[in-house]
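Visitor: I should like to understand the terms applied to this model and the values behind them. Please show it to me.

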Amino acid sequence: MTGLVTLVGAGPGDAGLLTLRGLRALEQADVIVADRLGARTVLEQLEAEGIVLGAEVIDVGKLPGHHRVPQDAINALLVELAHAGRRVVRLKGGDPFVFGRGREEQLFCEAAGIRVEVVPGVTSAVSVPAVAGIPLTHRGVSTSFTVISAHDQIDALPGGADHTVVLLMGVGTLAHSAHTLATGPRGADCPVAIVEDGYGPGERVTIGTLDTIAPLAATRQVRSPAVIVVGDVVRLSPHAAGMLPASAGAETVMPERAVASVLPESAAVAGDEPRSRLAAALDAGLAVDTGLIRAIDSTLAPVADRPSARGVRASLSALLSRKASTS
């Protein structure tokens with residue numbers, strides 16, 4: 001009797017983001033053919049949580065520049081296991097159909113008479129920027145995004161900083177990608193974020209511009225796996241507060257968590273310090289909107305009746321008026 005191959009997306013490496021359908025497939029499998037990125041981590045987390053999987057696990061993971069098991073051999077292995085009547089789960093990081101070669105494996109198995117089911121996964125292109133507080137689209141900032149494999153050098157891309165670009169597998173070609181994008185309509189001051197090891201123990205965020213990101217990454221010794229985000233949405237990240245030049249285009253809404261980093265609670269009663277910090281933030285192009293005002297109010301609320309707080313509020317009113325008149 002011929003078995004079944006199920007392509008399962010493991011997500012970005014957090015077992016909590018594995019779908020229920022994917023978990024059921026793993027529990028019913030006789031053998032799991034697992035990738036390195038995301039997939040093995042999810043299996044380890046499931047085991048740590050007491051979820052026992054009875055399947056044999058075959059590791060076919062790839063390291064940068066080294067494919068221990070070539071893709072042709074993986075394809076042949078899936079067919080061999082299924083022809084032996086086994087229920088096979090091909091566990092792939094992220095989503096099988098987003099730079100995962102999932103459709104290639106599906107076509108190969110189907111050509112050999114093997115039935116294939118596909119269980120989508122949460123792609124790192126969307127989920128990893130989210131852990132850094134970066135939405136790929138945001139009202140008034142960006143209405144579209146492009147996901148690109150930057151494993152090879154990229155060509156020029158249309159659109160400006162209001163069109164988000166996500167680069168996967170792009171650490172090795174970062175300098176070239178940044179130069180290519182900077183020479184287009186985005187310009188050298190377009191914000192860039194690199195999120196390393198999203199959802200992993202080494203999670204780290206590096207913020208810069210197309211002009212500065214390559215030397216910053218070299219200084220910080222940025223390593224794969226990492227997701228690179230280019231565009232004005234990077235300004236929405238709390239990690240970006242005070243780290244980027246003023247936007248040349250439309251103003252950007254400042255998240256409340258970012259306000260907290262600009263105006264610490266201790267600064268609310270520190271004389272002129274709140275004014276200077278907020279003045280710098282406002283002059284850097286951070287927008288004045290209801291979210292910012294709410295954040296300021298909540299910061300000052302515990303000390304609202306103190307004379308120093310009243311002075312801060314008056315200074316803020318002057319700053320907001322000045323910003324509105326020059327916008």
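Visitor: What is the sign of phi at Gly-50, which follows H2?

Guide: The phi of Gly-50 is positive, near 85°. This is a predicted model, in which local features need pLDDT of at least 70, side-chain atom pairs count only at pLDDT 80 or more, and totals for chains, interfaces and linings use all residues. Residues are numbered from 1 along each chain as its sequence is written, and side-chain values use heavy atoms, with hydrogens and water left out.

Visitor: What makes residues 36-48 a helix, and what span does H2 reach?

Guide: Helices are DSSP runs of H or I with at least four residues, and strands are runs of E with at least two, numbered from the N terminus. H2 has 13 residues. From first C-alpha to last, H2 reaches 18 Å, close to the 18 Å expected at 1.5 Å a residue; that expected span is 1.5 Å times one less than the number of residues.

Visitor: Why are the buried residues of H2 said to line one face?

Guide: The buried residues (under 20% relative accessible area, against over 50% for exposed and in between for partly exposed, with a 1.4 Å probe and protein chains only) are Gly-38, Ala-39, Val-42, Leu-43 and Leu-46. Seen down the axis of H2, they fall within an arc of 130°, so they line one face of the helix. The arc is taken over the directions from the helix axis to the C-beta atoms. The face turned away from the buried side carries the exposed residues Glu-47 and Ala-48.

Visitor: Why is the pair Arg-40 and Asp-59 called a salt bridge?

Guide: The term requires a side-chain nitrogen of Lys or Arg within 4 Å of a carboxyl oxygen of Asp or Glu. Arg-40 and Asp-59 meet at 3.1 Å, N to O, and therefore satisfy that rule. The pair links helix H2 to strand S3, 19 residues apart.

Visitor: Why does Arg-40 count as partly exposed, and Arg-235 as buried?

Guide: Arg-40 has 25% relative accessibility and therefore counts as partly exposed. Arg-235 stands at 10%, so this residue counts as buried. Asp-232, at 13%, also counts as buried; the side chains of Arg-235 and Asp-232 meet in a salt bridge at 3.6 Å, N to O.

Visitor: How many salt bridges does this rule give?

Guide: The count comes to 11. One of them joins Asp-35 and Arg-90, with the closest N and O atoms 2.9 Å apart.
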